[in-house]
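Student: Could you take me through a structure one feature at a time, giving the general idea before the particular case?

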4 protein chains.
Amino acid sequence: MELGLIGLGNMGGNITRRLMRAGHRCVVFDTKTETREALAKEGASAADSLERLVAGLKQKPRAVWVMLPAGKITEDTVNRLAALMEAGDIIIDGGNSYYKDDLRRAKELSAKGIRYVDCGTSGGVWGLDRGYCMMIGGEKAAVEHLDPIWSALAPGIGDVARTLGREGEPSQAERGYIHAGPSGAGHFVKMIHNGIEYGMMQAFAEGFDILRQKNSKELPEAERMDLNLSDIAEVWRRGSVVTSWLLDLSAAALLKDPALEGFSGFVQDSGEGRWTIEAAIEEAVPAEVLAASLFARFRSRQEHTFGEKLLSAMRFGFGGHLERPKK
Amino acid sequence: MELGLIGLGNMGGNITRRLMRAGHRCVVFDTKTETREALAKEGASAADSLERLVAGLKQKPRAVWVMLPAGKITEDTVNRLAALMEAGDIIIDGGNSYYKDDLRRAKELSAKGIRYVDCGTSGGVWGLDRGYCMMIGGEKAAVEHLDPIWSALAPGIGDVARTLGREGEPSQAERGYIHAGPSGAGHFVKMIHNGIEYGMMQAFAEGFDILRQKNSKELPEAERMDLNLSDIAEVWRRGSVVTSWLLDLSAAALLKDPALEGFSGFVQDSGEGRWTIEAAIEEAVPAEVLAASLFARFRSRQEHTFGEKLLSAMRFGFGGHLERPKK
Amino acid sequence: MELGLIGLGNMGGNITRRLMRAGHRCVVFDTKTETREALAKEGASAADSLERLVAGLKQKPRAVWVMLPAGKITEDTVNRLAALMEAGDIIIDGGNSYYKDDLRRAKELSAKGIRYVDCGTSGGVWGLDRGYCMMIGGEKAAVEHLDPIWSALAPGIGDVARTLGREGEPSQAERGYIHAGPSGAGHFVKMIHNGIEYGMMQAFAEGFDILRQKNSKELPEAERMDLNLSDIAEVWRRGSVVTSWLLDLSAAALLKDPALEGFSGFVQDSGEGRWTIEAAIEEAVPAEVLAASLFARFRSRQEHTFGEKLLSAMRFGFGGHLERPKK
Amino acid sequence: MELGLIGLGNMGGNITRRLMRAGHRCVVFDTKTETREALAKEGASAADSLERLVAGLKQKPRAVWVMLPAGKITEDTVNRLAALMEAGDIIIDGGNSYYKDDLRRAKELSAKGIRYVDCGTSGGVWGLDRGYCMMIGGEKAAVEHLDPIWSALAPGIGDVARTLGREGEPSQAERGYIHAGPSGAGHFVKMIHNGIEYGMMQAFAEGFDILRQKNSKELPEAERMDLNLSDIAEVWRRGSVVTSWLLDLSAAALLKDPALEGFSGFVQDSGEGRWTIEAAIEEAVPAEVLAASLFARFRSRQEHTFGEKLLSAMRFGFGGHLERPKK
């Protein structure tokens, strides 16, 4: 089928490529000329404005996938698109929007008859070949209309062992996408996915930190080991309980750069990790590990917190300890 | 080759089976007669005492694998075995001993010339077919002597994608076992594996809890969704960042019993989770997520903590709030 | 001076009393007839509607203190009051509103010339005699106009030792109230106060839990102690680092009911604890302890979480452990 | 009465002074000549060796207070003292020993008839004037024999309001010391005191951090406030729920140095905070806040953890994010 795509960065560009590989016609736009021209060379129909992109879509209802950073730019683009489209047309927000924004936008656009679909898209730089895992929210008919798109982008059943109890024709979920529910549900599920991802990452981070510190010259010699972290990551990849894609990535990173000297340790977080905690709080669900994972990233971006200085100040107050950095 | 095995429960029994499948000769002992006889029918040579087990081993140096619960029973068995063995013989502790016990035992046994090998063994009930992931500590020559054993028990390279940068003949780590270091190193690495496992499990637990609570009738209707948790687990199995064996198990459990009514929520912990935190503290490594995961299990086993009652008592003290359970 | 007061519960009633003790004239309203009549007998001028309350205020600008639960009822009351008042008049929200609601309300009311003051009020059931600690936000002139009110309600300098470096005439802060900043600042500071309160309470809760468990018959006899918790709380009240009002309250509670059997352990939380975490997240400040304190309260209100059942389900999946409650 | 004292640092020196003020005879030793001579000028009887100190004690049973850092130096001193003393004599360890060391030492010394008393001593640099809060473990007769010492060192009933329900002659607890239980109980209770102290400190640290960050130029101007932290600390000292000595110290620190520029934020921890978590783990008590407080200190002493670098490495692996410090 035919799809418009806006935003041709790492994600949007490869989504376009994967769709074209499956025979879909893509009309694409990006503010960077060279980016859209590169895709044109690969077979996309490049438009140099939103107007031309919408005009270039021949099939009705028209469908446009917006793949931009969450926030103002997505909001503005959705609104501009909506002004160019007509009742029945579909706008897909495939980025990382906050699900409450989806709820609002879907309602606003429905006044004009435009159908808004939110799609949480996981897969990163590997998606082109590995496929994208998609969690989709919105009106049933619109989501079903786009099935050829989801189907082309999804990983498919692949060689993953079938879950015990799953039988017959593989379901959408087994092929790598789900219609999670009404508007917002797609991004809500993707948000929780990322929250879990933070927790799993932090579990590995802490575990490897304890392993590595066991090699440290700060420990008395009798307590010290000489553990090979990349071999440990590798051995866990087969037959252990912590087998996972994040472990695969860790094994590759530790093999290439055992001391991880290429990384500063300054770790960004994105909206989903934060919103996950806010959702937990709204629902009164304890989420200690997910919160701690987020806070570890906040902490990683500061040299010293004001709070730590206050700890020192109190210690000085009651005990006369004057604390200076270790030499 | 030939191996003695003591303790023929879920783990020990299947380890014996997997070794026999590979052509090794197993002399086995268990305090339960029927257990050892069952394995005898499958081809093992059953001994009805430790003495007869040791006597039944013909190859020198003799090697005996102890697969018993950590603590007193392992300690006693190792000591009784050592008394029956001679210089050069090898005792393998394949259970979940504390690595500091390994250090002590290895030293004690070395006085008699007996070689002690600690092996952290992951794989659970799936190990017979999936293979066991093994992390091994001890003297190099002893570990190398046992290579046919490790090799038979390990999963082997299988169909797991090779880590970028790994080349040539697959290493031991790629085949599912490593010689992690001197005595204690095997169980130390296994301990951290389990610590990470706790953290990953808790990340999934919290995430699915937030998803499920989103369906709750306690939420205002406009905020409520109707999320299908088993489909969500299933869709994440392909192409997402949280792909993992623990997710596979979650998907199967949620498919079979979507409300998990077959489980009480009373969650045990084992020594490894606790020792991981103690290791973190000894090394001064922050391990927030791993600790929180352990504490969540402690909390799961109590109806109300005394600490929570004290919170209520303080609230009553300053605010006159008298707290009772929600009806 | 003269003040209208709306909401005569535990807090509002005693605030009225403390103001009348200081010679201020109070015009009061509560939806419960008997509540307002009780205060009328103590000298207040009771009004049976918001209209009569406003009409009963003779001094211009008029000032009315709203002391109602945060949320819709406060919002509605402020709006109804504003409709009855005129430019220059002052509405004080002394409850526990979210500071972002203050920002919005102050802006809305300023269109009409009405001045909105937010006042975070700490003191609970003890405030009548001990005084109220107040954190105030709003326009400088309005806050200054109300100084006789703040001054009467505040604890005053009392017999608390003066902070080293504070000299001369005691400041407002030393007398127990501050003009914290513009609209919202009062409730923002009070919100953080409560966040810290949660953390301190949880620190005591955990500490006393560890002390009490040391007496438990579940421990081997050689490890068990027979600690007297009320004496421990009492001894810490003098000369220790943890001396605090919360400790005073704990000492009284543990003396009266050493096993705290009068409390269920079901612990409520209020908006401030939640908003504190949201503020931390907005500012990217790690707030591990404050978040953990909030989550402990969430957890206290459930028998078992769905997440814990999922932990059990995963353990069953990989290890065949079937977990049931301890008998 | 008469007491020997070993270790005349901040704590030991002032303990000697407070005892002399109460009329007790002190025989003192410190490895630093000038330290012991300074106390001799204030009236103590200085000995230049442990032997002379023991010989200088005339009253039987002799009693010696050891006030040295926990660990080897305390252990060695206690053993050397024991060799110089005789059955019935008393050794007090007033430092911060691990309570399991007390249990062992008490048992070892009892073979010789020497009585070992463990005393957890809180008070820091303020103890000389404010008195010391003491938690004491050991044999009843020995603890009672030393009552004049405890009584002189303790703060006494002072002007702290009496706990509701406490009547008649003030108990020891109300005067600032308790006989907590058998050997080890004193240091166990002191250990938990410090654990709670860490939690309370961290609660203040996080709360003030959120307050301060609200002033940050990194926030959009509309969200920014200009909060005066020292006034906030001051106002909470009267009538609020977080009133505490740690708040008093924070108020003084923030008044003197509002940005706390005199402190690096590099925060030490001591054995008690760590042992508290180990005790919680032994007892299976969830202690999330106390653990998080300890980990925050570990984290404060590192620029970046290896774990954080691994987070970055994983993010690079799945998303191509290359993370560098913020400029």
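Tutor: We will go from the overall chain to single residues, bearing in mind throughout that this is a predicted model.

Student: How many helices and strands does chain A have, and what does its C-alpha trace span?

Tutor: An inventory of secondary structure is a sensible place to begin. Chain A has 15 helices and 8 strands, and its C-alpha trace spans about 75 × 45 × 45 Å along the principal axes.

Student: What percentage of the residues of chain A count as buried, and what supplies the area that chain A exposes?

Tutor: Burial and surface composition are best read together. Of the 327 residues in chain A, 63% count as buried, while the chain exposes about 11700 Å², of which carbon and sulfur atoms supply 51%. As for charge, chain A carries 41 positive and 45 negative charges, whose mean positions are 3 Å apart.

Student: Is Glu75(A) buried or exposed, and which residues does Glu75(A) touch?

Tutor: For a single residue, one asks about its place, its cover and its partners. Glu75(A) sits in helix H4, residues 72-84 of chain A, and it is buried because its relative accessible area of 17% falls under the 20% cut-off. If residues up to four places away in sequence are not counted, Glu75(A) touches Arg104(A) and Arg105(A), and a polar contact of 2.9 Å joins its side chain to that of Arg104(A).

Student: Which residues touch the most other members of the largest nonpolar core?

Tutor: A core can be read through its best-connected members. This one holds 248 residues, and Trp236(A), Trp236(B), Trp236(C) and Trp236(D) touch the most other members. Leaving aside neighbours within four places in sequence, Trp236(D) is in contact with residues of chain C, including Cys133(C), Met135(C) and Ile196(C), and with residues of chain D, among them Phe208(D), Leu211(D) and Leu247(D).

Student: Where is the cis peptide bond that involves Pro61(A), and what is its omega?

Tutor: Here the backbone torsion is the quantity to inspect. The cis bond joins Lys60(A) and Pro61(A), with omega about -10 degrees, and Pro61(A) is in the loop between helix H3 (50-55) and strand S4 (63-66). In chain B, a cis bond joins Lys60(B) and Pro61(B), with omega about -5 degrees.

Student: What is the phi of Ala284(A), and is Ala284(A) buried or exposed?

Tutor: Phi is read together with residue type. Ala284(A) has a positive phi near 60 degrees although it is not glycine; it lies in the loop between helix H13 (271-283) and helix H14 (288-300) and is buried, with a relative accessible area of 17%. Ala284(B) also has a positive phi, of about 60 degrees, and is buried at 18% relative accessible area.

Notes
Residues are numbered from 1 along each chain as its sequence is written. Chains are lettered from A and ligands numbered from 1 in the order in which they are written. This is a predicted model: local features need pLDDT of at least 70, side-chain atom pairs count only at pLDDT 80 or more; totals for chains, interfaces and linings use all residues. Side-chain values use heavy atoms; hydrogens and water are left out. Helices (H or I, at least four residues) and strands (E, at least two) are DSSP runs, numbered from the N terminus. Buried means under 20% relative accessible area, exposed over 50%, partly exposed in between (1.4 Å probe, protein chains only). Accessible areas come from the Shrake-Rupley method with a 1.4 Å probe; for residues, only the protein chains shown count as cover. Lys and Arg count as positive and Asp and Glu as negative; His and the chain ends are not counted. The place of a charge is taken as NZ of Lys, CZ of Arg, CG of Asp or CD of Glu. A polar contact is a pair of N or O atoms within 3.5 Å; within protein, one must be able to donate a hydrogen and the other to accept it, and residues adjacent in sequence count only if both atoms are side-chain atoms. Contact means heavy atoms within 4.5 Å. A nonpolar core is a set of buried Ala, Val, Leu, Ile, Met, Phe, Trp, Tyr and Cys residues joined through side-chain atoms within 4.5 Å.
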